[in-house]
Amino acid sequence: MFAAVTAMFALPSSTFAMDRWEALSMIESGDNDHAIGQRGEVSRYQILPALWPGGNPQNEQEALSAARAIMGVRLARFEKIHRRPANDFEFYILWNAPWEADHPSRAVSERARRFANLAESAESARH
């Protein structure tokens, strides 16, 4: 079941999308597969326990599949409402505080800017 949901909402496997996942992992946990956040978030992507679908959060591929499934739903909703894909700044807000998608707080905006800079730097380095 989880694999079907993941496949349904998986993001394109372009280098741009991977740069987002690499940047997300870096900003959330410093690429630490064993990280546990203050609210019990698990994996390199710091997924809340209530959203973790099961499996091994220390497994990089399982964590990526879970993160893609979570974001697939959020990105689809954003695109339906805004009639365009989310940019890197919005992507991070949708990950970290989806309820703030249209009006992010200062703290979320600062982290989203750092994330967007990481994603842009990774994309630039590949070209």
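The chain exposes about 7,400 Å² of surface, and carbon and sulfur atoms supply 54% of it. Of the 127 residues in the chain, 43% are buried. The structure is a predicted model, with a pLDDT that averages 87 over the chain and reaches at least 70 in 81% of the residues. One stretch calls for caution: over residues 1-17 the pLDDT stays under 50, and the model has 20 contacts beyond four places in sequence for these residues. Where pLDDT is low, the predicted coordinates should not be read in detail.

The overall architecture can be stated briefly. The secondary structure comes to five helices and zero strands, and a reader who follows the sequence meets the pattern α-α-α-α-α. Among the contacts in the chain with a separation of 6 or more, 44% are accounted for by residues 24 or more positions apart.

The aromatic side chains offer a way into the interior. There are four aromatic pairs by the rule used here, and one of them joins Trp21 and Tyr45 in an edge-to-face arrangement, with 6.0 Å from centre to centre and 90° between the planes. Trp21 belongs to helix H2 (residues 15-29), whereas Tyr45 sits in the loop between H2 and helix H3 (60-82), so the pair ties together parts that are 24 residues apart in sequence. Trp21 and Tyr45 are both buried, and they belong to one aromatic cluster that also takes in Phe91, Tyr92 and Phe115.

Two members of that cluster, Phe91 and Tyr92, lead to helix H4, where they are buried together with Asp88, Glu90, Ile93, Leu94 and Trp95. Helix H4 (residues 88-96) is mostly covered, since seven of its nine residues are buried. At the N-terminal end of H4, Asn87 acts as a cap, with a side-chain oxygen that lies 3.1 Å from the backbone nitrogen of Phe89. Glu90, one of the buried residues of H4, meets Arg84 in a salt bridge between their side chains, at 2.6 Å from N to O. The two partners differ in their cover: Arg84 counts as partly exposed because its relative accessibility is 34%, while Glu90 counts as buried because its own is 13%, under the limit of 20%.

The loop between H2 and H3 deserves a closer look, beginning with Ser43, which lies in this loop. Is Ser43 buried or exposed? Its relative accessible area is 1%, and Ser43 is therefore buried. Leaving aside residues up to four places away in sequence, Ser43 touches Ser29, Asn32, Asp33, Ala35, Trp52, Pro57 and Ala63. A polar atom of the Ser43 side chain also lies 3.0 Å from the backbone nitrogen of Tyr45, the residue that pairs with Trp21. The backbone of Ser43 has a further feature, a positive phi of about 80° although the residue is not a glycine. Most residues other than glycine have a negative phi, and most peptide bonds are trans.

Asp31 lies in the loop between H2 and H3 as well, and it too is a residue other than glycine with a positive phi, near 65°. The side chain of Asp31 meets that of Arg44 in a salt bridge, at 3.5 Å from N to O. This pair links distant parts of the chain, for although Asp31 and Arg44 are both in the loop between H2 and H3, they are 13 residues apart. With a relative accessible area of 32%, Asp31 is partly exposed, whereas Arg44, at 9% relative accessibility, counts as buried.

The structure holds seven salt bridges. Side chains of opposite charge can pair when their charged atoms come close. The bridge between Asp31 and Arg44 is part of a network of salt bridges that links Asp31, Asp33, Arg44 and Glu60. Another salt bridge brings together the side chains of Arg39 and Glu41, at 3.6 Å from N to O. Here Arg39, at 57% relative accessibility, counts as exposed, while Glu41, at 13%, counts as buried.

Key. Residues are numbered from 1 along each chain as its sequence is written. Side-chain values use heavy atoms; hydrogens and water are left out. pLDDT is the predictor's confidence in each residue, from 0 to 100. Contact means heavy atoms within 4.5 Å. Rings of Phe, Tyr and Trp (its six-membered ring) pair if their centres lie within 6.5 Å; planes under 30 degrees apart count as stacked, over 60 as edge-to-face and the rest as tilted. Helices (H or I, at least four residues) and strands (E, at least two) are DSSP runs, numbered from the N terminus. Buried means under 20% relative accessible area, exposed over 50%, partly exposed in between (1.4 Å probe, protein chains only). Accessible areas come from the Shrake-Rupley method with a 1.4 Å probe; for residues, only the protein chains shown count as cover. A polar contact is a pair of N or O atoms within 3.5 Å; within protein, one must be able to donate a hydrogen and the other to accept it, and residues adjacent in sequence count only if both atoms are side-chain atoms. A salt bridge is a side-chain nitrogen of Lys or Arg within 4 Å of a carboxyl oxygen of Asp or Glu.
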